[in-house]
Amino acid sequence: FKIKMSIIYSLVGKDRDIVLSEYTDFSGNFQQLCRQLMLKLKPNQSQSYTTKENHFHSITEGNLVFICMTDGKVKKQKAFAFLGSIKDSFYKSFTPSQIDNSIAYGLAFTDELKRTMYLFNNSDEEDKAELVLKELNETKDVYVESLSKILERDVKINVVLSKTQEMQGVSTTYKQHAIKYRRQQKWRYYRAILIGILVVGILAW
């Protein structure tokens, strides 16, 4: 099937390996590729990585990372205008403390990713031109590299992409990992309370 020129996937993460929120209308291997890419990104830079048909764009700022995957025909300026928009919305939506203390999928930002992707994918040509001009100076020096090279693959990477009926935006595997992590954290919390009660009881006795 054919996909119109568009932003296909977006992700907000931190600490190189924690996905805070993501959204897509599609399924495929690109989510796993983005997680691998997170480990390779340089701090405080704007970078682009290419495959034959798709481009991956990223902004890293402190311990946070903002990534999107686009159709190969989408201009770099539009992609970084989108990333800049979700970055601004993210900082407005959460306090530094909320961000620092958040765990995987612990921040409710998926609806904002979906809304912003829809806005950028469906804006008219005049709006698109304005977005391009807005980001032109900020993206002229963006570093562009092959995704295969940055991920240290000997063969070219092909992005597998298919339309999904359920617009989940998160793979089942990673959701299960997040749930398991939350359960472990809750158990550690209850165990600490129990130990504290026992210690107090022993001292009181």
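Me: What share of the protein chain's 205 residues counts as buried?

Reply: That would be 41% of them, where buried means under 20% relative accessible area, exposed means over 50%, and partly exposed is in between (1.4 Å probe, protein chains only). Mind you, this is a predicted model, in which local features need pLDDT (the predictor's confidence in each residue, from 0 to 100) of at least 70, side-chain atom pairs count only at pLDDT 80 or more, and totals for chains, interfaces and linings use all residues. Residues are numbered from 1 along each chain as its sequence is written, and side-chain values use heavy atoms, with hydrogens and water left out.

Me: How many helices and strands are there in the protein chain?

Reply: Seven helices and eight strands. They're DSSP runs numbered from the N terminus: H or I over at least four residues for a helix, E over at least two for a strand.

Me: Where is confidence lowest in the protein chain, and where is it highest?

Reply: Helix α5 (residues 125-139) is at the bottom with a mean of 50, while strand β2 (residues 18-24) tops out at 95. Across the chain, pLDDT averages 77, and 66% of the residues score at least 70. Residues 165-171 stay under 50. Where pLDDT is low, don't read the predicted coordinates in detail.

Me: Why is the pair of Phe 66 and Phe 90 called edge-to-face?

Reply: Rings of Phe, Tyr and Trp (its six-membered ring) pair if their centres lie within 6.5 Å; planes under 30 degrees apart are stacked, over 60 edge-to-face, and the rest tilted. Here the ring centres are 5.9 Å apart and the planes sit at 80°, so edge-to-face it is. The pair joins distant parts of the chain, 24 residues apart: Phe 66 belongs to strand β6 (residues 64-71) and Phe 90 to helix α2 (residues 76-93).

Me: How do you know that Phe 66 counts as buried?

Reply: Its relative accessibility is 0%, so it falls under the buried cut-off. Phe 90 has 0% too, and so is buried.

Me: What makes the aromatic pair of Phe 90 and Phe 94 tilted?

Reply: The planes are 55° apart, which is neither under the stacked limit nor over the edge-to-face one, so the pair is tilted. Its centre-to-centre distance is 5.1 Å. Both residues join Phe 66, Tyr 91 and Phe 109 in one aromatic cluster.

Me: Is Phe 94 buried or exposed?

Reply: Buried, because its relative accessible area is 11%. Phe 94 lies in the loop between α2 and α3 (96-101). Leaving aside neighbours within four places in sequence, Phe 94 is in contact (heavy atoms within 4.5 Å) with Ile 99, Leu 107, Ala 108 and Phe 109.

Me: Why is Gln 45 called partly exposed?

Reply: At 32%, its relative accessible area is between the buried and exposed cut-offs, so it's partly exposed. Gln 45 sits in the loop between α1 (30-40) and β4 (46-50). Beyond four places in sequence, Gln 45 touches Ser 58, Ile 59 and Thr 60.

Me: What makes α2 roughly antiparallel to α4?

Reply: α2 and helix α4 (residues 110-122) pack at about 150°, with axes 10 Å apart. Axes are lines fitted to C-alpha atoms, for helices over the stretch in contact, with angles from 0 to 180 degrees between N-to-C directions. Under 35 degrees is roughly parallel, over 145 roughly antiparallel, 65 to 115 roughly perpendicular, and the rest oblique, so this pair is roughly antiparallel. Among the residues making the contact are Phe 82 and Ile 86 of α2, and Leu 113 and Phe 120 of α4.
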